[in-house]
Amino acid sequence: MGLLDGLLDKFKQGLRRTQELVLSPIQGLLGLRRLDEDQLQELEDLLLQADLGVHAVDRLMARLRFEMKRSGDIDPRAALKDELLKILHLHPSRPLTAGETQVLLLVGVNGVGKTTTLGKLAAHLKARGEGVMVVAGDTFRAAAIDQLEAWGVRAGVPVVRNQMGGDPAAIAYDGAASALAKSIPWVLIDTAGRLHTKDHLMKELDKIRRSLQKVIPSAPHRVFMVLDATTGQNGITQAEAFKQVAGVTDLILTKLDGSAKGGVVVPILERLKLPIAYVGVGEGVDDLIPFDPEAFVDGLLGA
Ligand SMILES: Nc1nc2c(ncn2[C@@H]2O[C@H](COP(=O)(O)OP(=O)(O)OP(=O)(O)O)[C@@H](O)[C@H]2O)c(=O)[nH]1
Ligand SMILES: [Mg+2]
C-alpha cells in the first residue's frame, strides 16, 4: 500500500460517520448522468447536512447547473470534486521542514484536543528522525502536566515542565532556550484552553510569545489553532475572534472521526482564510494526518 493509499484510508476512517449518516445517500445521485430539479434539491440538502456551508454548496450547485446547460451527459462526482478542490486549494498548507530550532505553539479553547494533538505531532516528527522537545505550558492543572508527560514518554521525547501554577511564559522560555542550546529542531508548546473573551488569558499568550522572542526573535514559528470538528460551524465565529488576537498561522481540526459533519472543513477554511495543516481522526498516536485536499475530497464523495 502506497503512502497516498494509506492517507486515503485514514481520511475514510475520519469521515466514516459523515459517510454513514449523510453521504451514503448521495452516492446514487452522483452516479447519474443528469439530475432533475428534485434530485438537485435532494443533493443540495445532503451537502448542507454534511456541513459544507451555504457558500460552498451554492457554488457546487451552480457548477452542476452550468455543466448540465452545456451537456446532456455530465459526471456530477467529478464536477463537485473539482469545484471543492478549487476552494480547498485557496489556502495550501506549508509542510513542517526541520532546520534551525523552530517553536510551535498550540492554542485553542478548552477540550478541543490540544494536548493530544501535540503528543501525536511530537511522535510524528520523532518518527521522521527529527529531534523534538515538548513543553508543558498548561500549568493550570497538575493533570494537564501529567497528561503531557505521558505523551512525551509515549513519543520518546524530552518534556520540559515546572510546578503547577508556574508561569507559562517562563517555562516556554526555558524550553526554547534548552532546545536552542541542544540544537533540537522542534519545540512544541502546549497551552491551557482559553476563551478569546478572557482578556487576561489572551494577554498570557502574548507574554508567552514575548518570552519566546527573547530566545529566538522569529518565534513562535507557527501558531496552530486547534478546533473540534464536532462543534461544526458553530465554532467558526469564536475561532475568528481567536485568530485575531493569538496570531494564528495554521488550523488543526480534531475529532473528524466523531463528527457527522466532516464537510465543515470547507467553511472553516473559507471563513478563517487559514490553511488546515492537520486533521485528527482518532485518539491513537497515528491518528493525526496532514490535511490533503485530494484525499479529503475522495473520502467525502467517493473515489
Ligand atoms: N475521537 C477523537 N478524540 C480526540 C481527538 N483529538 C483529541 N481527542 C480526545 O479529546 C479529549 C480532549 O483532548 P485534550 O487533548 O485533553 O484536549 P485539550 O484541548 O488539551 O483540553 P484542555 O487542555 O482541557 O483545554 C481527549 O479525550 C482526547 O482523547 C480526535 O482526533 N478524535
Ligand atoms: Mg490540554
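Student: What share of the contacts between residues at least 6 apart in sequence joins residues at least 24 apart?

Tutor: In this predicted model, 77% of those contacts in the chain join residues at least 24 apart, a pair being in contact when the C-beta atoms lie within 7 Å.

Student: How do you know whether the radius of gyration of the chain agrees with that of a compact globule?

Tutor: A compact globule of 303 residues would have a radius of gyration near 19 Å, and because the chain has 21 Å, the two agree. Along the principal axes, the C-alpha atoms fill a box of roughly 65 × 45 × 30 Å.

Student: Why is aspartate 51 called buried or exposed?

Tutor: The cut-off for a buried residue is 20 or more other C-beta atoms within 10 Å; aspartate 51 has 24 such neighbours and therefore counts as buried. Aspartate 51 lies in the loop between α3 and α4, and its phi is near 70°, a positive value in a residue other than glycine.

Student: And why is lysine 273 called buried or exposed?

Tutor: A residue is exposed with 12 or fewer neighbours, and lysine 273 has 10 inside 10 Å, so lysine 273 counts as exposed. Its place is in the loop between α11 and β7, and its phi, near 55°, is also positive.

Student: What makes up the shell around ligand 1?

Tutor: The shell divides into three nonpolar, eleven polar and six charged residues, with glycine counted as polar. Of these 20 residues, Gly113, Thr115, Thr116, Gly193 and Gly280 come nearest, while helix α6 gives the most to the shell, with three residues.

Note on methods
Residues numbered from 1 in each chain as written. Chains lettered and ligands numbered in written order. Predicted model: local features only at pLDDT ≥ 70, side-chain atom pairs only at ≥ 80, totals over all residues. Rg over C-alpha atoms; globule rule 2.2 N^0.38 Å. Contact = placed C-beta atoms within 7 Å. Near = placed C-beta within 6 Å. Helix = DSSP H or I, 4+ residues; strand = E, 2+ residues; numbered from the N terminus.
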